[in-house]
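User: I am new to this structure and want to know how its descriptions are justified. Please go through them with me.

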Amino acid sequence: MLLQVSNITKSYGINTILSNISMQVQERERIGLVGVNGAGKSTLLKIIAGEMSADSGQVHKAKETKIGYLAQNSGLQSERTIEAEMRAVFAHLLDAERELRELEQKIADPALHGDEKKYADILERYASRSDWFREQGGFEMNTRINSVLHGMGFGHFAPDTVISTLSGGQKTRLALARILLQAPDLLMLDEPTNYLDIETLTWLEGYLRSYSGAILVVSHDRYFLDALATAIVEIERHVARRYTGNYSRFMELKAAEYESNLKQYEKQQDEISKLEQFVQRNIVRASTTKRAQSRRKTLEKMERLDKPMGDLKKAHFSFEIERQTGKDVLDVRDVSITFSGKNRPLFEHVTFQLTRGETVALIGPNGIGKSTLLKAIVGQTEPTAGTIRFGTHVKIGYYDQEHTRLNSQNTILEEVWGSYSHMEEARIRTVLGNFLFSGEDVLKRISSLSGGEKARVSLAKLMLAEANVLILDEPTNHLDLFSKEVLEAALVDYEGTLLFISHDRYFLNKMAERIVELTPAGTVHFLGNYDDMLEKKLEMEEARQEALAAKANVTGAKGQPEKAPASSYEADKQAKREERAKQRRIEQLETEIADGEERIAELEQQLTDPAIFNDYVRIQEIQSEIEQCKTSLAAAYEEWELLMV
């Protein structure tokens, strides 16, 4: 057992956040911590990490257990470069490496060979430090750094990029990269999937599944929890309950548990009712008084079950439309956007159409320009080239993931009522109540709200708009799992047209009827949801490989390749050949790097062999070969990094 949390209680004023919370974390466990926004998940992680004190209770951790904690949206604040910050994680290894280089110079110094004892001491020190350096992963240090940076989306960043120049989302991803490199025994992550695109999310899942330590993660990403978690701890009504399995299994177990408890409660209530009726009918009759008294004692001794509490109160809403659009809703044709001062466009040749009632997802990696495209569609920015045309009777409702349209100085009531001043206050309060803002809550300032609360305010305004075309930019960000389910239900019943951006793969699977993938050179279209897209991509790749194999067979049979039907086809073939050659070279370099690091380790081990202590010539030869290996290794690393861009 790595960690034991016992009876943790925490209150803010009169509001209890956590009440007698207890849980354990075993070695290599992957625990998902779930609950509605405000349930106390982040508070519990801060208490475990020692960043906050509990009112009562204790946190015990195993001796020498290292805990790593990454708070929600905690961007890396540093004036260092990316390379320097990541290498700083391995400061102990870098110090050892410097010491080894110094010891090598001493070993190679002929003047030291006359002092046999001192020479032997240095060799012994070198041997022990070499063994420690290898055991601590010193030879894999650079490979680990490059692998994690590439996986987290920094493969194309220059190593000397100063961290303070990065965006908030990039700093958050870099903070996650650093804590992964630190590799603590217990890794605690609070909403790590925020600001990650699908490609990075997929990489992170694979990395965490093979992580050597234990993981305690707060997440509202159901796909992520299903892929990673081996247990779920739910905090509900200030109390924690543990369920074995991933998130989907947790939902099944919780529903079955509720049904079982409800049946037991109803069965007991029926039994109590019968006993009470018997007592009332027979207590005054002489012939049955004793039996009635016996039943009364049974009632008094009975340990009565509490009625099982159902789900917590959820937001509930629906999106209505004022009138239908025409059949053709949106026509985006050959759109390009180039930011001022940039030589190349963010994207170009973007073309797609929307028809009435469609639900279309827009996906692509971070930084490709998805949000910029939506802003161009709603008229907040102008495209550099191309046209954007709407059909008849279109009324747009736009959801901005940054909530820039909310006035931070307004109260919740002022913010919503100000946009719909023709409505009565009672109607506005009713709507806000549907979004879980009741009583004095509506007088909170926007500036004091959490991300999830701001999202609910924006959704409340969107619901009142009665728009027949909804354009949503990451609508599930900051929403808890229960609020996501409510949003999904509302959008499934929506009779208008929906275009949305999302990195939530569960949401994409539930909602998307068609997917438009944005690339720098245009768009790729897929019918169906996220899983359908993955299957189609796999089929396309298999077909491509089969075509290449068939082409190779034809070439081998005829002695020369067939003539390409068009120059564009030839160019595409050439590009694919170059990409395959690039991938082969990357694999070759990774093998060379591994072999080089292994050879250096072998040579350094030879320096500790007593048989060559006094063989000055052999030591010089080994030193020379080590330097050659390091030079080759540095060149291989440099070429590998260039190819990974």
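User: Which element of the chain has the lowest mean pLDDT, and which the highest?
Analyst: This is a predicted model. Helix 18 (residues 567-606) has the lowest mean pLDDT among the elements, 75, while strand 16 (residues 497-501) has the highest, 96. For the chain, the mean pLDDT is 87, and 95% of the residues reach 70 or more. Where pLDDT is low, the predicted coordinates should not be read in detail.

User: Why is Ala 127 called buried?
Analyst: Buried means under 20% relative accessible area. Ala 127 has 18% relative accessibility, so Ala 127 counts as buried. Ala 127 is found in helix 4 (residues 116-135). Across the chain, buried residues make up 44% of the 645 residues.

User: What makes helix 15 largely enclosed by the rest of the structure?
Analyst: Nine of its 12 residues are buried, and therefore helix 15 is described as largely enclosed. Among them are Leu 481, Phe 482, Val 486, Leu 487 and Leu 491, and also Lys 484 and Glu 488.

User: How do you know that the length of helix 15 agrees with its number of residues?
Analyst: The expected span is 1.5 Å times one less than the number of residues. For the 12 residues of helix 15 (residues 481-492) that gives 16 Å, and the end C-alpha atoms are 17 Å apart, so the two agree.

User: What caps the N-terminal end of helix 15?
Analyst: Asp 480 does, with a side-chain oxygen 3.1 Å from the backbone nitrogen of Phe 482. The cut-off for a polar contact is 3.5 Å, and the pair must be within it.

User: How do you know that strand 1 and strand 2 pair?
Analyst: Two strands pair if there are at least two bridges between them. Seven bridges join strand 1 (residues 3-12) to strand 2, so the condition is met. The two strands run antiparallel, and Ile 8 stands opposite Ile 21 in strand 2.

User: Why are strand 2 and strand 4 called edge strands?
Analyst: The open sheet has three strands in the order 2-1-4, with antiparallel pairing. Strand 2 (15-25) and strand 4 (56-61) each pair on one side only. From one strand to the next, the twist averages 20 degrees.

User: Which helix lies across these strands?
Analyst: Helix 1 (residues 41-49) lies across strand 1, strand 2 and strand 4, and runs at about 120 degrees to strand 1.

Note on methods: Residues are numbered from 1 along each chain as its sequence is written. This is a predicted model: local features need pLDDT of at least 70, side-chain atom pairs count only at pLDDT 80 or more; totals for chains, interfaces and linings use all residues. Side-chain values use heavy atoms; hydrogens and water are left out. Helices (H or I, at least four residues) and strands (E, at least two) are DSSP runs, numbered from the N terminus. Axes are lines fitted to C-alpha atoms, for helices over the stretch in contact, and angles run from 0 to 180 degrees between N-to-C directions. Contact means heavy atoms within 4.5 Å. Buried means under 20% relative accessible area, exposed over 50%, partly exposed in between (1.4 Å probe, protein chains only). A polar contact is a pair of N or O atoms within 3.5 Å; within protein, one must be able to donate a hydrogen and the other to accept it, and residues adjacent in sequence count only if both atoms are side-chain atoms. pLDDT is the predictor's confidence in each residue, from 0 to 100.
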